[in-house]
Amino acid sequence: MTLTLTQWSVEDYHAMIAAGILQDRRVELLAGDIVEMTPESPLHYSSAKQGTRHLESLLGDRAEVRFNGPITLANSEPEPDIAIVHPPATRYTSRHPGPADVFWVVEVSQSSRQKDLSLKQQIYAQAGIPEYWLVDLVARQLWVFRDLQNNIYNTTLKLQQGPLSPLAFPDVVVEVERFLVI
């Protein structure tokens with residue numbers, strides 16, 4: 001027996017949301033599949049919120065720091081824990097940020113590490129997002145994926161402490177420890 005799965009478009013996904021089909025479901029569209037989101041633990045939420053506040057304090061009006069909001073890509077609509085996008089926030093009142101709007105994204109991982117290191121990394125790279133950070137709460141480290149070429153991040157940094165400057169804002173110094181809540 002052969003199973004045929006349906007790949008959903010972003011437009012299909014938005015129609016399902018508008019029709020209420022996905023109401024009360026924590027899902028996101030990843031590479032054409034509607035995927036249940038992993039429930040957030042208190043540690044996951046605290047780390048993402050603390051990271052958001054830290055970035056907001058550093059970036060001010062230079063960027064819009066979005067917390068747990070969708071971004072619209074070609075065949076995906078993931079909801080990264082943090083998305084750093086072009087300001088002003090009012091440009092996103094009738095649409096979610098797209099690839100050209102995104103400086104970088106941050107995912108916080110406690111139980112979703114495998115998905116975040118494979119599928120989500122691939123989705124962000126294929127969308128042309130220049131930088132992807134993964135806060136690995138289990139290993140207590142921040143993975144930084146950069147040097148995007150041919151839809152692949154060619155540089156991976158693994159940091160547990162110290163300063164880090166995002167590619168989009170080389171003059172901004174982020175404290176890695178601020179993302180690794182104890």
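These legends go with a few close-up views of the predicted model.

The model is predicted, so local features need pLDDT of at least 70 and side-chain atom pairs count only at pLDDT 80 or more, while totals for chains, interfaces and linings use all residues. Residues are numbered from 1 along each chain as its sequence is written, and side-chain values use heavy atoms, with hydrogens and water left out.

**View A. An open sheet with mixed pairing.** Here 6 strands line up in the order 3-4-5-6-7-8. Strands are DSSP runs of E with at least two residues, helices are runs of H or I with at least four, and both are numbered from the N terminus; two strands pair if DSSP finds at least two bridges between them. Strand 3 (64–67) and strand 8 (152–159) sit at the edges, each pairing on one side only. From one strand to the next, the twist averages 20°.

**View B. Strand 7 meets strand 8.** Strand 7 (residues 141–149) pairs with strand 8 in the antiparallel sense, over 7 bridges. Look for R146, whose bridge partner in strand 8 is T155.

**View C. Helix 2 across the strands.** Helix 2 (residues 42–59) lies across strand 3, strand 4 (82–85), strand 5 (102–109) and strand 6 (132–136). It runs at about 170° to strand 3 (axes are lines fitted to C-alpha atoms, for helices over the stretch in contact, and angles run from 0 to 180 degrees between N-to-C directions; contact means heavy atoms within 4.5 Å).

**View D. Helix 1 and its buried residues.** In helix 1 (residues 10–19), V10, Y13 and M16 are buried, whereas E11, A18 and A19, on the other side, are exposed (buried is under 20% relative accessible area, exposed over 50%, partly exposed in between, with a 1.4 Å probe and protein chains only). Strand 1 (27–30) and strand 2 (33–36) are among what covers the buried residues. Just after helix 1, G20 takes a positive phi of about 85°.
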